[in-house]
Amino acid sequence: MSIRVANAPCSWGTIEGFGETTPWHRMLDELAAGGYRGTELGDLGYMPSDPAVLRIELESRALVMLGGFQGVPLRKPDAVATWRQRVTDVARLLAAVANEQVAGRTPYLILADETRGDPHRTAVAGRVTEADALSSAEMTVFAANVDELARVVAGETGLTTLFHHHCAAFIETPNEIERLLDATDPDLVGLVFDTGHYTYGVGAADPLGSEGKGVSAVDGLRRFWGRTPYVHLKDCHPGVAARARAEGWDYTTAVGAGVFCEIGQGSVDFDGVLAFLRVQGYDDWLTVEQDVLPGMGTPAESAARNRQALARLGL
């Protein structure tokens with residue numbers, strides 16, 4: 001399977017509990033019209049929950065389902081007991097609409113810490129320090145919950161779980177990603193690497209390389225490649241990120257101001273990202289995720305421009 005390109009509902013503002021303004025059927029129409037051939041699920045309940053209905057809707061647009069995101073307050077000791085059913089419901093829906101013959105694989109259950117679940121981490125997103133990190137005891141609980149939910153997903157559905165590092169959540173910075181990966185079972189849990197969340201989550205200006213683009217995303221991919229089977233493409237606007245850090249914006253304010261901009265408008269070196277992936281023999285999907293708030297911007301037009309930008313890079 002050669003590299004193919006997908007998009008996701010978060011690019012239309014259906015994102016991590018913020019709500020929604022674009023009906024799912026219009027989102028799928030616009031996603032397909034933009035030249036994408038895969039999607040992710042979005043918040044459970046956004047798309048049809050009846051697998052037969054969802055499968056028809058996907059197939060009628062020549063789309064495949066690649067994954068589903070679920071945030072969980074993983075630092076809490078009762079996280080598995082409280083969220084097991086929700087995570088399992090997402091995984092079962094993903095498994096029921098899987099089209100491995102076309103997609104090349106089954107969908108991933110994409111697990112993350114609860115976005116905006118902690119007021120302090122929401123307030124300091126993009127400028128997290130070691131003082132904001134989980135303690136050793138908290139990380140032990142967090143990692144055990146990740147492993148256990150991944151074990152449940154595999155046992156109930158056969159699907160693989162990937163962890164999504166995420167700003168405004170407890171695994172944001174490079175060191176936090178490393179701590180979590182060191183504490184979790186590589187046979188149970190992989191990483192979905194998000195170029196934009198990584199770049200903003202570094203917590204400082206993206207250092208520029210010889211081509212005048214930032215090096216953070218490629219450095220992160222190289223650092224965590226051994227656990228990364230799947231990549232999300234997202235750009236990060238250096239001017240917005242710098243202002244957010246200087247003025248102490250919280251995560252919602254930064255996203256609303258466009259910190260995650262259209263591909264090519266930010267600092268992420270997508271030429272370098274693609275060159276690295278090709279050298280590594282990457283053989284999966286690349287999913288564009290331009291996180292925006294509900295009602296923000298022009299999602300269909302942005303998705304089309306993002307697809308055109310990737311086409312210029314040979315995708």
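This section describes the sheet, the nonpolar cores and the surroundings of one histidine in a predicted model.

The sheet is open and consists of 8 strands in the order β1-β8-β7-β6-β5-β4-β3-β2, with parallel pairing. Its edge strands are β1 (4-7) and β2, each of which pairs on one side only. On average, neighbouring strands of this sheet are turned by 30° against each other, direction ignored. In general, the strands of a sheet pair through backbone hydrogen bonds, in either a parallel or an antiparallel arrangement.

Strand β3 spans residues 64-72, and 9 of its 9 residues are buried, so this strand is largely enclosed by the rest of the structure. Strand β2 (residues 38-40) is joined to β3 by 3 bridges, and the two run parallel. Within this pair, Met65 of β3 stands opposite Thr39. Strand β4 (residues 108-113) also pairs with β3 in the parallel sense, here over 6 bridges. Gln70 has Leu111 in β4 as its bridge partner. Elsewhere in the sheet, strands β5 (residues 161-164) and β6 (residues 189-194) run parallel and are joined by 4 bridges. The bridge partner of Thr161 in β6 is Val189.

Helix α13 (residues 299-312) lies across three strands, namely β1, β7 (230-233) and β8 (285-288). The helix runs at about 160° to β1.

Nonpolar side chains tend to be buried together in soluble globular proteins. In the present model, the largest nonpolar core has 80 residues. Phe142, Tyr230, Leu277 and Leu286 have the most contacts inside this core. Beyond its neighbours within four places in sequence, Leu286 is in contact with Ile3, Arg4, Val5, Ala6, Val231, Leu233, Leu274, Leu277 and Leu315. A second core, separate from the largest one, has 15 residues, including Ala125, Val240, Tyr251 and Phe260.

Two members of this second core, Tyr251 and Phe260, are also among the residues touched by His197. His197 lies in helix α8 (residues 195-201). The relative accessible area of His197 is 1%, and the residue is therefore buried, the cut-off being under 20%. The side chains of His197 and Asp291 are joined by a polar contact of 3.1 Å. Not counting residues up to four places away in sequence, His197 touches His164, His165, His166, Cys167 and Lys234, as well as Tyr251, Phe260 and Asp291.

Conventions. Residues numbered from 1 in each chain as written. Predicted model: local features only at pLDDT ≥ 70, side-chain atom pairs only at ≥ 80, totals over all residues. Heavy atoms only, no water. Buried < 20%, exposed > 50% of the residue type's maximum accessible area, 1.4 Å probe, protein only. Pairing = 2+ DSSP bridges. Core = buried A, V, L, I, M, F, W, Y, C linked by side-chain atoms within 4.5 Å. Contact = heavy atoms within 4.5 Å. Polar contact = N/O pair within 3.5 Å; in protein donor to acceptor, adjacent residues only side chain to side chain. Axes fitted to C-alpha atoms, helices over the stretch in contact; angles between N-to-C directions.
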